[in-house]
Amino acid sequence: MFINCFTVDVEDWFHVCGVSGAPQVPSSQWRVYDNTLRLLDLFDELDIHGTFFMLGSVASARPALASEIAARGHEVASHGYSHKLVYELTPDQFRQELVRTGDLIASQTGVAPRGFRAPQWSLGGRTPWAFEILAAEGYLYDSSCTPLPFVGDSKGSLSPYQLATAAGNLWEIPPLVTPGRFVNLPSGGGWGLRFLPMKTILKGVEYAHSAGNPAVIFLHPRDVDPDGPRLALPLLKSFAAYGTRSDATPVLRTLARTGKCIPLGEMVDSWRFVS
Ligand SMILES: [Zn+2]
């Protein structure tokens, strides 16, 4: 059976990495709650059970959101607290963000998060201590390392693997890419999902499925809000953050038909109990 894992980084339209100074956006202009509900309705319709990587600052400001996500049959995992890049945090700051967000999610849903995703793939070779901290804090898996040039490790694994740490093993689950002749293409989410031809995206899905791997799609609530506000950013950064002004919904409808859609945590459990 082919498996897809739809994942959502639950953050707002102004949570863009590398922007100096956190934008002060009044609460009345936040759209993360409504956009996440829109995604939840779409997931219901398409029979998708997914993983929502909750930003702690969003969980704090919108306390009903994580419990709504969990009540609708999805896994709630952690996206850190502040949306700062992991390699710009000290190990202590990283642990504090992890614990603060984990406690919030546990109190709001009744279940502690078992998975983590860093903002903008900012966890990896530069931050080996972060894997140790995740395992020590009881996390089962991480999905922060992408086999893409510039933002990740272009020679990184396309398949899930286990990392040995002093605190135990941690599963590392890369997002979907489409292997290209010279470089992997970001077909699993972000600008790539909205910009690349559908056949290029489906080629990546087929590659993952034929290797026995899940196709790991990553989304943001703003991906289904093409008319929403945008930060004024330099052209390339704006494209990377927001892509073209299109709605990801039609692509998601096509992708949902390519396999059974289950949360990442359920996928990892199936590997643990088989091996
Ligand atoms: Zn993010």
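Author: In this predicted model, a cavity is a set of grid points where a 1.4 Å probe fits but cannot get out, and its lining residues have an atom within 4 Å of a point.

Reader: Which residues line the largest cavity?

Author: The lining consists of His79, Gly80, Tyr81, Lys84, Val86, Leu89, Phe94, Glu97, Leu98, Phe116 and Pro119. Helix α4 supplies the largest share, three residues. About 50 Å³ of space lies inside, and a search of the whole structure finds one cavity of 30 Å³ or more.

Reader: How many of the lining residues are nonpolar, polar and charged?

Author: Seven are nonpolar, two polar and two charged. Gly counts as polar under the scheme used.

Reader: What makes Glu11, His79 and His83 donors of the zinc ion?

Author: The cut-off for zinc is 2.8 Å, for N, O and S atoms. Glu11 (OE), His79 (NE2) and His83 (NE2) coordinate the ion at 1.9 to 2.1 Å, so these atoms qualify as donors. Along the chain their spacing is E-x67-H-x3-H. Glutamate 11 sits in the loop between β1 and α1, and histidine 79 in the loop between β3 and α4, so the pair ties together parts 68 residues apart in sequence. Glutamate 11 and histidine 79 are both buried.

Reader: Why is arginine 253 called partly exposed?

Author: Buried means under 20% relative accessible area and exposed means over 50%. Arginine 253 has 31%, so this residue is partly exposed.

Reader: Which residues does arginine 253 touch, not counting those up to four places away in sequence?

Author: Arginine 253, in helix α9, touches Leu42, Glu45 and Leu46.

Technical notes. Residues are numbered from 1 along each chain as its sequence is written. This is a predicted model: local features need pLDDT of at least 70, side-chain atom pairs count only at pLDDT 80 or more; totals for chains, interfaces and linings use all residues. Side-chain values use heavy atoms; hydrogens and water are left out. Helices (H or I, at least four residues) and strands (E, at least two) are DSSP runs, numbered from the N terminus. Buried means under 20% relative accessible area, exposed over 50%, partly exposed in between (1.4 Å probe, protein chains only). Contact means heavy atoms within 4.5 Å. Donors are N, O and S atoms within 2.8 Å of the metal (3.2 Å for Na, K and Ca); water is not among the atoms, so sites may look incomplete. On a 1 Å grid over the protein atoms alone, a cavity is a set of points where a 1.4 Å probe fits but cannot get out, and a pocket is an open set with protein on both sides within 12 Å along at least five of seven lines; lining residues have an atom within 4 Å of a point. Grid points are joined across faces, edges and corners, and a volume is the space filled by probe spheres set on the points.
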